[in-house]
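Opening the notebook on this one. I want to look at one residue first, then a whole chain, then what happens where two chains meet.

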Number of protein chains: 2
Amino acid sequence: MNNPKTVSDRRMGPSGSETWHAMLDGAEYILREEGHAQLTSRRIAERIGVKQRLVYYYFKTMDDLIVELFRRLSMRELERLREASHSERSLREIWNTNVGTTDARLISEFMALANRIDELKHEVIRFIEDSRAIEVDAIAAAMTRKGVSSPISPSALALIAASVALSLSREEQLGVRSGHDELTAVVEGFLSSLER
Amino acid sequence: MNNPKTVSDRRMGPSGSETWHAMLDGAEYILREEGHAQLTSRRIAERIGVKQRLVYYYFKTMDDLIVELFRRLSMRELERLREASHSERSLREIWNTNVGTTDARLISEFMALANRIDELKHEVIRFIEDSRAIEVDAIAAAMTRKGVSSPISPSALALIAASVALSLSREEQLGVRSGHDELTAVVEGFLSSLER
DNA sequence: GTCTATACACCGATAGAC
DNA sequence: GTCTATCGGTGTATAGAC
């Protein structure tokens, strides 16, 4: 919102410490429940019961905090995806992960923030590419394993699946349900056909 | 950002006037090019060369301005969709509209704002439902016309198409291209099959 | 590691004159 | 229809003490 722009070489706290995580926990809660407009150093401090000054002991700038928050979140999400991809019914587990774990609101807030914070944008790109790679590999492996083939390539299928999962989550949250049951049935049919 | 909360019954200017549109034009530019954090009454006034006070002559609050901006944009978009749905190759025209007209950045900014502004959220819901209805009808009509049938219902297909178009636009803007060519080819094949 | 205190900028919204 | 002037409030970020 404002303009100091010069960032001094003030003393900084260690990343990964308990308080550091508490601040990101608070920030994540605020971003999900109250939105980007409320994601301020004052609000974070208030939420975890410290003074505002301390936020700037652990994070150089607010933008920096936001980037770290996304980094932590995306690393956890990638871990879930990797785990899912190694399971018995990998595609179903991946689908459930995509449709279920991260809040749609959180995603839309980060998307908008990425338009403004360049480093966040690069983290988002990296996350999309990494998660996509996991999904493409899982689809290709599952098809080979079951000996089925599709006129649609694994990479196109992965993109369709990711897009659809995102839209389902977002619309579900908004309260729009047109076509959801039909589409869920289509996905279910596809997953079942690969589990026989 | 602030707290006045009480909105007086001050004198207001007419909606739809030239200056009113100029303000929304400015707001749209700022939202697309600079993001929601820069979308302020002062910035809008500066952009179109008037004083800040005037913004509050035409709009009761900033939230109100944002809602009006989305309303104007979505009405134009629905108009394009209706026009496309009446054309010869309706599905292709609708696809091009979805993938091309409105900037992906603008969409993500509105999505985030809708988390906070309740009236905007309802406008977004209405827009999704209205555009979806047009697309479902167009798909059903095209299939009947060509005498083809699909194991996927028109409403599920419409949801898939809308999701995929949105993701393609967003990723394209971010610079992610994984699976895009393959998916575009799939869509092209589907559209061609309905044009024979 | 955490605090008090503070500089400085900016924002939403209003009153009332021209 | 547009302006000057202003109030009250919040934000980022810093200096420096404990």
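**Entry 1: a phenylalanine in chain B**

I started with B:F127, which sits in helix 7 (residues 118-146) of chain B. Worth writing down before going further: this is a predicted model.

Which residues does B:F127 touch, leaving out those up to four places away in sequence? I got B:F70, B:S74, B:E77 and B:L78. I then checked the pair B:F127 and B:L78: they are 49 residues apart in sequence, yet their C-alpha atoms lie 7.9 Å apart.

**Entry 2: chain A on its own**

Next I pulled up the secondary structure of chain A and found nine helices and zero strands. Read from the N terminus, the order is α-α-α-α-α-α-α-α-α.

For dimensions, I took the C-alpha trace of chain A along its principal axes, and it spans about 60 × 35 × 25 Å. Of the 196 residues in chain A, 44% come out as buried. The exposed surface of chain A is about 10,100 Å², with carbon and sulfur atoms supplying 49% of it.

I also looked at contacts within chain A between residues at least 6 apart in sequence; 68% of these join residues at least 24 apart.

**Entry 3: where A meets B**

I moved on to the interface. The size of an interface is often given as the accessible area lost when the parts come together, so I looked that up. Between chain A and chain B the buried area is about 3,500 Å², and carbon and sulfur atoms give 67% of that. On the chain A side, A:N115, A:L159 and A:L174 supply 16% of the area that chain A buries against chain B, more than any other three residues.

As for who takes part, the contact draws 38 residues from chain A and 39 residues from chain B.

How many salt bridges are there between chain A and chain B? The count is two. I noted one of them: A:R132 pairs with B:E171, with the closest N and O atoms 2.7 Å apart. For polar contacts across the interface, I have 12 residue pairs, both residues at pLDDT 80 or more.

Which elements of chain A give two or more residues to the side that touches chain B? They are helix 6 (104-114), helix 7 (118-146), helix 8 (154-174) and helix 9 (180-193). Helix 8 of chain A gives the most, with 13 residues. Sorted by class, that side of chain A has 18 nonpolar, 11 polar and nine charged residues.

How values were computed:
Residues are numbered from 1 along each chain as its sequence is written. Chains are lettered from A and ligands numbered from 1 in the order in which they are written. This is a predicted model: local features need pLDDT of at least 70, side-chain atom pairs count only at pLDDT 80 or more; totals for chains, interfaces and linings use all residues. Side-chain values use heavy atoms; hydrogens and water are left out. Contact means heavy atoms within 4.5 Å. Buried area is the accessible area (1.4 Å probe) that two parts lose on being put together, summed over both. A salt bridge is a side-chain nitrogen of Lys or Arg within 4 Å of a carboxyl oxygen of Asp or Glu. A polar contact is a pair of N or O atoms within 3.5 Å; within protein, one must be able to donate a hydrogen and the other to accept it, and residues adjacent in sequence count only if both atoms are side-chain atoms. Helices (H or I, at least four residues) and strands (E, at least two) are DSSP runs, numbered from the N terminus. Ala, Val, Leu, Ile, Met, Phe, Trp, Tyr, Cys and Pro count as nonpolar, Asp, Glu, Lys and Arg as charged, and the others, Gly among them, as polar. Buried means under 20% relative accessible area, exposed over 50%, partly exposed in between (1.4 Å probe, protein chains only). Accessible areas come from the Shrake-Rupley method with a 1.4 Å probe; for residues, only the protein chains shown count as cover.
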